[in-house]
Amino acid sequence: MITVQNLTIQSHNALLTDNVSFSVGKGEKVVLLGQSGSGKTLTSLALMHLLPSNLHQSGTISYHGKAFDESMRGKTLGMIMQSPAGCFDQAFTIGTLFADVFKTHMPQKCTQDFFRHCLADVGLENPQDILNSYPFQLSGGMLQRIMIGLSLALETEFIIADEPTSDIDYLAEQEILTLLKKVEKKRQSLLLITHSIKTACQIADRILLMHAGKILDDFPAAAVRAPNRHPKLKELLQADTQIRSNAWGVSFHE
């Protein structure tokens, strides 16, 4: 469905991603895994053609064999951002923001009843109260659920989720990951960006390991501990094990 070939992103004095190539099939859940600064978010922004103007992008990205055009956003492509509080205009209620989105992309569903259904579908109680609320009146976890609800309701073919659990607590994180798995029912494709091996294994069909702007490994999630995995992945696995087997006697959630 989406094919990336030799994606290279540069600033005026640095190479940020280097000939990145991968594909995501219809209904597939792929995780882009790597440490901070590895180029994951830049890659996702390039897919949406949202890179900052001071960066140069080369290579090809195709969607069903077609080049990107602006009309794909909200129809073919959707994105769930890392920090939900910064993604909503604080001057407008959630209901007003929903209306703007659906008037543009799905005017036939631009109704209060449908908005309430979208919120209830992602486990939010009292949906009318939420529609009447301003973003600053809601928690980060609630805003993240609202973003997921929008992405599911718009039925975009491809969803990019950039570290969607980085700003929320552990229990909310598990709930968000469960919601993201709903893309299976709608046959939507998902590219999830994370630095967490545990998160990757919970949701991925396939994992892409990224480091220093390059894709180092591409493998089924079930093969994460196979002996032929890249040494960088083994480093991440070892670090994860050390954190969970800590010297302080603290029991971390599995």
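Let's start with helix α2 and what it packs against. Its buried residues pack against α3 (112–121), α4 (127–131) and α5. One thing to say early: this is a predicted model.

Which residues of α2 are buried? They are Ile94, Gly95, Leu97, Phe98, Ala99 and Phe102. Now check the length of the helix. α2 covers residues 94–105, twelve residues. At 1.5 Å a residue, the span should be 16 Å. The end C-alpha atoms are 17 Å apart, so the two values agree.

Stay with Phe98 for a moment. Leave aside its neighbours within four places in sequence. Phe98 is then in contact with Phe115, Cys118, Leu119, Leu131, Ile146 and Leu150.

That brings us to the cores. In soluble globular proteins, nonpolar side chains tend to be buried together. Here, the largest nonpolar core has 48 residues. Which residues have the most contacts inside it? Ile94, Phe98, Phe102, Ile146 and Leu180. Helix α5 gives the largest share of this core, eight residues. There is also a second, separate core, with 28 residues. Among them are Leu7, Ile61, Met79 and Ile160.

Next, the sheet. It is open, with six strands and mixed pairing. Read across, the order is β6-β7-β8-β3-β9-β10. The edge strands are β6 (77–80) and β10 (214–220), and each pairs on one side only. From one strand to the next, the twist averages 20°.

Look at the β6 edge. Strand β7 takes in residues 158–162 and runs parallel to β6, with four bridges joining them. Met79 stands opposite Ile160 in β7. You have met that pair already: Met79 and Ile160 are both in the second core. Helix α5, residues 140–154, packs on this sheet and touches β6 and β7. The direction of α5 makes about 170° with that of β6. So far, then, α5 has come up as a partner of α2, as a contributor to the largest core, and as a helix on the sheet.

Now go to the start of the chain. Strand β1, residues 2–10, is joined to β2 by six bridges, and the two run antiparallel. They form a hairpin, with four residues between them. One bridge there: Val4 has Phe22 in β2 as its partner.

On to backbone angles. Most residues other than glycine have a negative phi. Two residues to look at here are Asn19 and His49. Asn19 is not a glycine, yet its phi is positive, about 50°. Asn19 lies in strand β2, residues 15–24. Buried or exposed, or in between? Asn19 counts as partly exposed, at 44% relative accessibility. His49 also is not a glycine, and has a positive phi of about 55°. Where is His49? In the loop between α1 (40–47) and β4 (56–63). With a relative accessible area of 37%, His49 is partly exposed.

Last topic, the cysteines. A disulfide is a covalent bond between the sulfur atoms of two cysteines. How many disulfides does the structure hold? Zero. Take Cys118, which is in no disulfide. The nearest cysteine sulfur belongs to Cys110, 11 Å away. Why does Cys118 count as buried? Because its relative accessibility is 3%, and buried means under 20%. Cys118 is also one of the contacts of Phe98. Cys201, by contrast, is partly exposed, with a relative accessible area of 34%.

Terms used:
Residues numbered from 1 in each chain as written. Predicted model: local features only at pLDDT ≥ 70, side-chain atom pairs only at ≥ 80, totals over all residues. Heavy atoms only, no water. Pairing = 2+ DSSP bridges. Axes fitted to C-alpha atoms, helices over the stretch in contact; angles between N-to-C directions. Contact = heavy atoms within 4.5 Å. Expected span 1.5 Å × (residues − 1). Buried < 20%, exposed > 50% of the residue type's maximum accessible area, 1.4 Å probe, protein only. Disulfide = S-S within 2.5 Å. Core = buried A, V, L, I, M, F, W, Y, C linked by side-chain atoms within 4.5 Å.
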